[in-house]
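Here are some comments on the structure you sent round, set out as numbered points. Please read them with the coordinates open beside you.

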Amino acid sequence: MKRPVPILILGLALAGCSGLETGNGRDTPILVAALTAGDAAPVDQQGTVFTLATARAGVERIDIDLPDGASCVGLPGLIDGSGGSDSAPHTSVCANGGGSIRLNGPWVVDLVAGTAVPAIPQVHVPAGGYARVDVRFAPVDPDDGGVSASDPLADQTLVATGTAPLDGQATPYELALAFHEDARFEAGDAITLALGDTADVLLELDPSAWFAALPLAECAADGDLEIVGGVLILSDGGGSCSDVEGAIKDAIKASGELRRAP
């Protein structure tokens with residue numbers, strides 16, 4: 001079904017570059033992170049369909065689980081995280097004894113456009129099967145330079161806007177959440193990347209799940225959610241919507257999937 005506005009993008013792409021000659025004369029796959037998501041529209045508990053016009057998030061880091069038996073030790077462009085240096089800003093780290101790769105931000109990600117400030121770096125990875133990637137979301141600190149102090153994302157983790165069909169009209173809504181949480185993206189079947197591979201892999205969130213536990217339209221009609229200046233505010237309210245922020249945060253965390261792009 002054609003949607004009226006772009007739906008949230010939260011994903012990961014593996015872009016094949018020309019490869020790098022390793023010690024054994026073969027090319028390693030190259031991973032390039034870009035955050036994207038599925039086309040399904042947000043739907044609340046009663047089946048009310050919302051649109052999603054804008055969405056931005058703060059990302060602290062991306063952790064890539066390596067294939068069983070694989071190691072990132074010695075791969076180019078990675079620093080050794082064994083000495084406790086795995087959290088230095090804007091570094092790519094061989095972490096967890098060589099069993100995972102950590103990309104450190106922070107980044108401000110436009111989840112609709114699929115862009116990040118600064119750009120998320122590409123990284124060389126071992127060949128093999130990839131089944132899990134974790135993304136750590138965190139509030140955006142204006143002092144880091146990604147946003148101004150007056151930006152809606154300042155000191156928030158995720159902000160989104162769209163419309164809700166209330167009383168037969170498209171009513172604007174706003175969502176702002178502040179949290180430190182990991183979102184796990186897992187593949188039903190491991191995605192195999194061969195030496196010299198060129199592939200796109202998505203970390204994809206499912207927006208249709210975000211509001212599914214909440215009767216948002218009903219709460220708005222009952223006055224349990226605020227409407228300020230004609231804008232529905234998706235925050236903790238009354239009645240069945242007393243924990244809007246917690247429910248949406250948990251739903252976002254649980255909605256991720258790792259898959260190969262078509």
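1. Phe50, Tyr173 and Phe211 come together as one aromatic cluster, in a model that, it should be said at the outset, is predicted. The structure holds four aromatic pairs, and one of them is made by Tyr173 and Phe211, whose rings meet edge-to-face with 6.0 Å from centre to centre and 80° between the planes. Because Tyr173 belongs to strand 11 (residues 169-177) while Phe211 sits in the loop between strand 13 (201-205) and helix 1 (216-222), this pair ties together parts that are 38 residues apart in sequence. Both residues of the pair, Tyr173 and Phe211, are buried.

2. Turning to charged pairs, the count comes to 11 salt bridges. In one of these the side chains of Arg102 and Asp63 meet at 2.7 Å, N to O, and the pair links distant parts of the chain, with Arg102 in strand 6 (residues 100-110) and Asp63 in strand 3 (residues 54-65), 39 residues apart. Arg102 has a relative accessibility of 16% and therefore counts as buried, the cut-off being under 20%; Asp63, at 12%, counts as buried as well. I would look at this pair together with its surroundings, since salt bridges that share partners join Glu60, Arg61, Asp63 and Arg102 into one network.

3. A further salt bridge is formed by Glu204 and Arg259, where the closest N and O atoms are 2.9 Å apart. Glu204 lies in strand 13 and Arg259 in strand 16 (residues 256-260), so this bridge ties together parts that are 55 residues apart in sequence. Which of the terms buried and partly exposed applies to Glu204, and which to Arg259? Glu204 counts as buried because its relative accessibility is 13%, whereas Arg259, with a relative accessible area of 25%, is partly exposed.

4. The side chains of Lys249 and Asp250 also meet in a salt bridge, here at 4.0 Å from N to O, and a reader should keep in mind that the rule asks for a nitrogen within 4 Å of a carboxyl oxygen. Asp250 counts as partly exposed, at 41% relative accessibility.

5. On the surface, Asp141, Asp143, Asp144 and Asp155 form a negative patch. Asp144 is placed in the loop between strand 9 (128-137) and strand 10 (158-166), and because its relative accessible area is 53%, Asp144 is exposed. Asp155, another member of the patch, lies in the loop between strand 9 and strand 10 and has a positive phi of about 65°, although it is not a glycine.

6. The backbone deserves a separate look at His90, which has a positive phi of about 55° although it is not a glycine. His90 is placed in the loop between strand 4 (79-80) and strand 5 (92-95), and with 46% relative accessibility it counts as partly exposed.

7. Finally, where are the cis peptide bonds that lead into Pro106 and Pro118? The bond from Gly105 to Pro106 is cis, with omega near 10°, and Pro106 is found in strand 6, the strand that also holds Arg102 of the salt bridge with Asp63. The bond that joins Val117 and Pro118 is cis too, with omega about -10°, and Pro118 is found in the loop between strand 7 (115-117) and strand 8 (122-124).

Notes. Residues are numbered from 1 along each chain as its sequence is written. This is a predicted model: local features need pLDDT of at least 70, side-chain atom pairs count only at pLDDT 80 or more; totals for chains, interfaces and linings use all residues. Side-chain values use heavy atoms; hydrogens and water are left out. Patches are made of residues with over 30% relative accessible area and no salt bridge: like charges are joined within 9 Å, nonpolar side chains (Val, Leu, Ile, Met, Phe, Trp, Tyr) within 5 Å. Accessible areas come from the Shrake-Rupley method with a 1.4 Å probe; for residues, only the protein chains shown count as cover. Lys and Arg count as positive and Asp and Glu as negative; His and the chain ends are not counted. The place of a charge is taken as NZ of Lys, CZ of Arg, CG of Asp or CD of Glu. Helices (H or I, at least four residues) and strands (E, at least two) are DSSP runs, numbered from the N terminus. Buried means under 20% relative accessible area, exposed over 50%, partly exposed in between (1.4 Å probe, protein chains only). Rings of Phe, Tyr and Trp (its six-membered ring) pair if their centres lie within 6.5 Å; planes under 30 degrees apart count as stacked, over 60 as edge-to-face and the rest as tilted.
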